[in-house]
Amino acid sequence: MTATLARPALVSTRDHVAAIARSIEPILRQVVLAGPPVIGLLTNDPAVQPTMVSFTEDATLQLLSSSMIDRLGLDLQKLGHTRAGRRPNGDRWQLSGGQAVDVIQIHSGDDDPAQVWLEYATLLTLPLSVDAGTTVRIAGGPAMLALECSAYSAAGGSIADSEQVERIVMLVAGRLEIERECAAAPPELRAFLTIQLGRIARSDALPFVIERVLPDTAILPELAARVRDKLRRIAC
């Protein structure tokens with residue numbers, strides 16, 4: 001499921017996710033949150049202040065499920081939400097609170113190379129309390145790195161201009177446990193990250209991306225060096 005704000009107002013990512021979660025509560029146990037906003041939910045290093053701190057109208061929240069999307073759609077319809085269209089990998093719904101969401105069904109054995117990373121995203125999850133009474137499951141750090149690497153590979157273009165690479169840098173820099181989590185990830189996922197992150201770590205454009213994501217590195221060059229070293233260690 002993909003969620004976007006219906007208007008350009010800025011809100012906390014956690015608050016926005018909490019609002020969506022409350023509005024789809026009956027299907028929460030059947031979905032896993034992924035997509036760019038989850039990067040912000042995973043970052044937990046107080047020493048790192050990335051630039052992407054708000055859930056803006058172009059940020060996409062994916063709710064992934066192995067359940068049939070038509071079945072989930074019936075539940076959404078009962079809650080007063082409206083189907084707004086079909087997408088290649090799911091259905092778009094308009095929630096009563098104004099958010100647009102895409103329900104994405106994960107297909108095992110699909111020809112799409114990204115499917116395997118979507119499957120891992122539904123398996124390697126973390127519980128996250130978004131408010132006092134609402135807990136959601138989000139894709140873990142290694143799966144999110146794989147999804148962003150896969151999206152960058154599919155999109156092509158330069159590392160310097162890639163939003164996916166920006167989010168990769170943000171997650172590597174801002175999540176305290178990311179090295180340990182990647183080391184413990186399944187071999188297939190680790191091998192993919194070694195190839196993809198190694199390419200990014202060797203790029204001459206990486207310092208510019210780091211400075212764009214973490215403006216403090218302009219006056220704290222040792223912070224940029226720590227991020228580069230962390231990325232290289234994960235890629236080893």
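## A hairpin between two strands

In this predicted model, a hairpin of two residues links strand β6 to strand β7. Strand β6 covers residues 82-87 and strand β7 covers residues 90-94. The two run in the antiparallel sense and pair over five bridges. To find one spot along this pairing, look for G85, which sits opposite R92 in β7.

## Helix α10 and its buried side

Now let's turn to a helix. Helix α10 is made of 15 residues, numbered 221-235. How far apart are its end C-alpha atoms? They are 21 Å apart, which agrees with the 21 Å that the helix should span at 1.5 Å a residue.

Which residues of α10 are buried? They are L223, A224, V227, K230, L231, I234 and A235. These residues cover an arc of only 135° around the axis, so they lie on the same side of α10. It helps to remember that an α-helix has 3.6 residues a turn, so residues three or four places apart point the same way.

What covers this buried set? The cover includes α6 (163-174) and α7 (178-183), along with α8 (187-201) and α9 (206-213).

## A closer look at R167

One of the helices that cover the buried residues of α10 is α6, and R167 has its place in α6. Is R167 buried or exposed? Its relative accessible area is 14%, and buried means under 20%, so R167 counts as buried.

Which residues does R167 touch, leaving aside those up to four places away in sequence? Its contacts are P36, I39 and E148.

Methods:
Residues are numbered from 1 along each chain as its sequence is written. This is a predicted model: local features need pLDDT of at least 70, side-chain atom pairs count only at pLDDT 80 or more; totals for chains, interfaces and linings use all residues. Side-chain values use heavy atoms; hydrogens and water are left out. Helices (H or I, at least four residues) and strands (E, at least two) are DSSP runs, numbered from the N terminus. The expected span of a helix is 1.5 Å times one less than its number of residues. Buried means under 20% relative accessible area, exposed over 50%, partly exposed in between (1.4 Å probe, protein chains only). The arc is that of the directions from the helix axis to the C-beta atoms. Contact means heavy atoms within 4.5 Å. Two strands pair if DSSP finds at least two bridges between them.
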